[in-house]
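Here's a quick briefing to skim before you load the coordinates. It starts with the whole chain and then zooms in on one corner of the fold.

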Amino acid sequence: MSDGLPLQQANISLKKTNKSAISDAEGFYTLKNIALGEYEIAASYTGFKTETKKISITDSTAVIVNFNLKENNTLDEVVITGTLKPVSRLESSVPVEVYKPAFFKKNPTANIFEALQNVNGVRPQLNCNVCNTGDIHINGLEGPYTLVLIDGMPIVSGLSTVYGLSGIPNSLLERIEIVKGPASSLYGSEAVGGLINIITKNPKNAPLFSADAFATDWGEMNIDLGFKGNLSKTTSILTGINYFNYSNPVDNNKDNFTDVTLQDRISVFQKWNFGRKNNKLFSMAGRFFYEDRWGGEMQWEKKHRGGSDVYGESIYTKRWELLGAYELPVKEKMLFSFSYTDHDQNSVYGNIPYLAKQRIGFGQLTLDKNIHQHDLLFGTALRYQYYDDNTTATVKEDINWIPSLFVQDEITLHENHKILLGARYDYNSNHGSIFTPRVAYKWKINDNNILRFNTGTGFRIVNLFTEEHAALTGSRDVIVLEELKPERSYNANLNYLKKIFTNNGNFIGLETTAWYTHFTNSIIPDYDTNPNQIIYKNLDGYAVTKGISTNIDMVFNSGLKLILGATYMDVSKTENGIKTRQMLTEKFTGTWAISYRINKLFLDVDYTGNLYGPMRLPLLGDLDPRKPYSPTWSIQNIQFTFNKFKNIEMYAGVKNLLNWTPNKGNPFIIARANDPFDKNVEYDNSGNALATPDNPYALTFDPGYVYGPNQGIRSFFGLRYTLK
C-alpha cells in the first residue's frame, strides 16, 4: 500500500532466503513454506522507498505484515554525476537533479531528446525545419555546451550531439541525472553549460521482459523491448531494442515541404554484468544505432537524393558505441572506465553532400580514498578524437589526443559543513594547456534545509561542422574569420533545497538556484552582419548567462502529485560596448506535470506541459516579413493510464492539445520554399539578393527560422507489459 492505495507488482522478499513474491492488483501477496525463525521482510517498488520489518515465525499460524511505502521524491537518491562517486543527493556538495522513468512515462516519447521537454531549464531545440535535427539547451546555452553521458562515460558528443540523442531504449533507463553549470574540472571539454547523465539499469534489478509500444494518428510507431538473462551464476545480461518508424508525409502548412521529418530508426543496446569473488565492479555495454531520415519537398524520392531537381535533406547515420567499467583487484578503490564511439554520417542537403566520420576513444582511471575528514578522488584520463569530412573546412583529417589529470578533495569541516576543492589539467595537442579549478560548499542547516554554493571554470573546443547544423543547410555562406580559440567560462551558482512534511503526511519539496556564467572567447554564430552569411569568430568581448530557477514537488495523500518548474534568465553578448540578446534564447520558461490517481477506476491521469517566452530569431534582411521574435508558446499533453490487469498498462492521450505550431502568425516558415535551389534569385554586385516581382522580400532559401516543433495535435495509444 501507499497512502491507503494498493501497489500492484511490488516486490516482497524475505532477506537471506530465496523466498519472494509480487503483490497483486489489490496489493496482496503470499509467502509459503517458511521455516521457523526470525526474519527480515522487505517491500520495494520503483519510485518508492524500500520498507523493512522484522518478523518471527513460531508456528504454522499465518503472519500478516502490512507495508505502507512512501514515495521516493528523489531527494535522497544516490547520484554520481556531481562528484564522480556515489553519494546521496542530499549529501552531495554539487546540486544534482534526478528524473526517474516514472516521470517520463507521464508523457511517453520515442526518444530522450523529446522526453526532456518537461524538465525545467532544459529545452530540446530544433535546428532545421527540413531535417528536424536538434540539440539540448540548458539554461539558455546551445547544445554544444551540454555534455551527454551514458553511465558516466562521455559518449554523446560532436556529431551525435546533433544526430545521436535518439534511439536510447527507454527499457534500459534507470534514471537521468542533470547538473546545470560548468563541470569541466571533472569531465573536460563540452561540459560548459551542464551535464545530462543517462544511467542504465543494472541487469540484476531489471525485469525479465518488458515491452512498451505506442502509435499516433500521424502514423508514428515506437516499440521498446527489454530482456534480461543469466548466462551463468556470475554473468547477467540485459538487452534493449528500440524501433521507431514514421513514413507518412504531412504538409499542413501548405508550403510543399514535409512538416515532420520521416524516420526509420533502430537501436540495439546490450549490457553485461560480471560477478567477481571480491564483489568488485565489472560491466560492459554496447550499442548499435542506425537511422534513415529525410525531409523536403513532398514529391521527393530516393532517386532525387543529391540532385538539383527536387529538394530533400537525407541523412544516413550509423553509430557504434562501447563502454565499460572495471574495478581493479587491489586493496584501494580504483576504477578504470572506458568508452569508444564510431560515427559514420552520409548526408545530403539538397545537392550539397556532407560525408563525415568521427571516432572518439576515452579511458579514465580514478582512485577513491578517505583520509580522516578528507574524501579524496584522484584521476587521469586520455581522450582520442578523430574527425574527417568532405567540406573545404577540413583539409585533412583531424586527430587529437587530450591527456588529463584531475583531483578532488571533499573536506568535512563539521557534521553540517562540507567544502569541495577540485582542479583539472588538460593538454590539447592543438590548443596547449588548459586548467579548470572549482570550489563547492554545502551547509546542511538541518535535515530539511540545505544551502550550496558552487563556483568554477569551464572550457569548450569547437568543431563547427559537427555542432552547428546551420553551417550545413540553407543558402547562407559560412565565413570563419580566424582560427577559433577555446571558449572559457567562469561560473557561480547558489542552490537552496527545502523539504516540508505536513502533519497529515503531505510532502512539499522546494529547490531554487541562482546562477551567473561569464564567457570569454565565445563563438556565437553571427546572423546579423550579413543576411547571406553565418560568420564565426571568437567574440571580441564577453557573453553572460544569468538567471534563477525554481522546482516544486508536491505529493498529497489524496493521490494528487504536482511537479512545477519555472526559470527566468538573461543570455546576452557584449561586443564593442554594445549588449545584445543572443539568438534563440528565451527570457522565461515553465514546466509542469500534474498527476492524479483514481483508485476505484485503476486510472492515472497525467497533464504535462511547458511554456516558453519569446526568442530572437534569424531573419534574412530588412524586408523579411517573418516576425523577429517568437511568441510565447506552449506544448501541452494529457494521458490516461489504466493499470488494473497484472503486468499490463494501457495508456492513451493527446499531445499538443492547443495544436500549436510555429507557422501561426507568420506568412511562412521556410524562406523561398518555392525555389529551394535559388534558381530564380537575382543578386547585386555584392552578392545580396535583390527584390524582384518573383522575390518581393529579397530572400534566399533558408530553413533555419525554427524554434519549436512543427507537429500539431495528435492522439496516441500504447501498451506496456512487464514480467518481473
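**Quick briefing**

The chain's secondary structure adds up to five helices and 38 strands. Keep in mind that this is a predicted model. Buried residues account for 56% of the 724 residues in the chain.

**Overall size and packing**

- The radius of gyration of the chain is 26 Å, which agrees with the value near 27 Å that a compact globule of 724 residues would have.
- Taken along the principal axes, the box filled by the C-alpha atoms is roughly 100 × 55 × 50 Å.
- Of the contacts in the chain with a separation of 6 or more, 62% come from residues 24 or more positions apart.

**Surface and charge**

- About 30200 Å² of the chain is exposed, and carbon and sulfur atoms supply 57% of that area.
- The chain carries 73 positive and 74 negative charges, and the mean positions of these two sets sit 9 Å apart.

**Strand 1 and its partners**

- Strand 1 covers residues 11–14 and its side chains alternate: I12 and L14 are buried and point to one face, while N11 and S13 point to the other and are not buried.
- Strand 2 (residues 20–22) pairs with strand 1 in the antiparallel sense, over three bridges.
- These two strands make a hairpin with five residues between them, and K16 in the turn has a positive phi of about 65°.
- Strand 3 (residues 37–44) also pairs with strand 1 in the antiparallel sense, here over four bridges.
- S13 has a partner in each neighbour: S20 stands opposite it in strand 2, and A42 is its bridge partner in strand 3.

Key: Residues are numbered from 1 along each chain as its sequence is written. This is a predicted model: local features need pLDDT of at least 70, side-chain atom pairs count only at pLDDT 80 or more; totals for chains, interfaces and linings use all residues. Side-chain values use heavy atoms; hydrogens and water are left out. Buried means under 20% relative accessible area, exposed over 50%, partly exposed in between (1.4 Å probe, protein chains only). Two strands pair if DSSP finds at least two bridges between them. The radius of gyration is taken over C-alpha atoms; the globule rule is 2.2 Å times the number of residues to the power 0.38. Contact means heavy atoms within 4.5 Å. Accessible areas come from the Shrake-Rupley method with a 1.4 Å probe; for residues, only the protein chains shown count as cover. Lys and Arg count as positive and Asp and Glu as negative; His and the chain ends are not counted. The place of a charge is taken as NZ of Lys, CZ of Arg, CG of Asp or CD of Glu.
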